[in-house]
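Colleague: Hi, have you got a few minutes to go through this one with me? I'd like to start with the strands and then jump around a bit.

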Amino acid sequence: MSGEVDSKQAKRHAEDCADACSGVEHVQNNLRVRKSQTNAATEDATTASEV
């Protein structure tokens, strides 16, 4: 799977759903969790303080 989701929970749910499908032997979950504005601002502040 590939694409973007809004949360870690959504990523896990998508993987669980795919894995539960009949005939599925392996799930390659390449979904990425989309950064929210709040998370991006926190990461920017953390990165700036580390410099």
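Modeller: Sure, let's go through the strands, the salt bridges, the cysteines and a couple of loop residues. Keep in mind that this is a predicted model.

Colleague: Okay, do β1 and β2 run parallel or antiparallel?

Modeller: They run parallel, with four bridges joining β1, residues 2-5, to β2. The chain gets from β1 to β2 by way of α1, and that β-α-β crossover is right-handed.

Colleague: And which residue in β2 stands opposite glycine 3?

Modeller: That would be leucine 31.

Colleague: Switching to charges: how many salt bridges does a search of the whole structure find?

Modeller: Three. Arginine 34 forms one with glutamate 4, where the closest N and O atoms are 3.1 Å apart. That pair links distant parts of the chain, 30 residues apart, with arginine 34 in the loop between β2 and α2 and glutamate 4 in strand β1.

Colleague: What else does the side chain of arginine 34 meet in a salt bridge?

Modeller: Aspartate 6, at 2.2 Å from N to O. Aspartate 6 sits in the loop between β1 and α1 and arginine 34 in the loop between β2 and α2, so this pair ties together parts 28 residues apart in sequence.

Colleague: Is aspartate 6 buried or exposed?

Modeller: Exposed, with a relative accessible area of 59%. Arginine 34 counts as partly exposed, at 38%.

Colleague: Where do arginine 12 and aspartate 16 lie?

Modeller: Both are in helix α1, four residues apart, which is about one turn of the helix. Their side chains meet in a salt bridge of 3.3 Å, N to O. As for a network, salt bridges that share partners join Glu4, Asp6 and Arg34 into one.

Colleague: New topic: how many disulfides does the structure hold?

Modeller: Zero. Cysteine 17 is in no disulfide, and its nearest cysteine sulfur is that of cysteine 21, 7.4 Å away.

Colleague: Why is there no bond between cysteine 21 and cysteine 17?

Modeller: Because their sulfurs, 7.4 Å apart, are too far from each other for a bond; the cut-off for a disulfide is within 2.5 Å. Cysteine 17 is partly exposed at 40% relative accessibility, and cysteine 21 is partly exposed at 44%.

Colleague: Last one: where is glutamine 28, and what does its side chain contact?

Modeller: Glutamine 28 is in the loop between α1 and β2. A polar contact of 3.4 Å joins its side chain to that of histidine 26. Glutamine 28 is also 8.6 Å from serine 2, C-alpha to C-alpha, although they are 26 residues apart in sequence.

Terms used:
Residues are numbered from 1 along each chain as its sequence is written. This is a predicted model: local features need pLDDT of at least 70, side-chain atom pairs count only at pLDDT 80 or more; totals for chains, interfaces and linings use all residues. Side-chain values use heavy atoms; hydrogens and water are left out. Helices (H or I, at least four residues) and strands (E, at least two) are DSSP runs, numbered from the N terminus. A polar contact is a pair of N or O atoms within 3.5 Å; within protein, one must be able to donate a hydrogen and the other to accept it, and residues adjacent in sequence count only if both atoms are side-chain atoms. Buried means under 20% relative accessible area, exposed over 50%, partly exposed in between (1.4 Å probe, protein chains only). Two strands pair if DSSP finds at least two bridges between them. A crossover is right-handed if, with the strands pointing away from the viewer, the path from the first strand over the helix to the second runs clockwise. A salt bridge is a side-chain nitrogen of Lys or Arg within 4 Å of a carboxyl oxygen of Asp or Glu.
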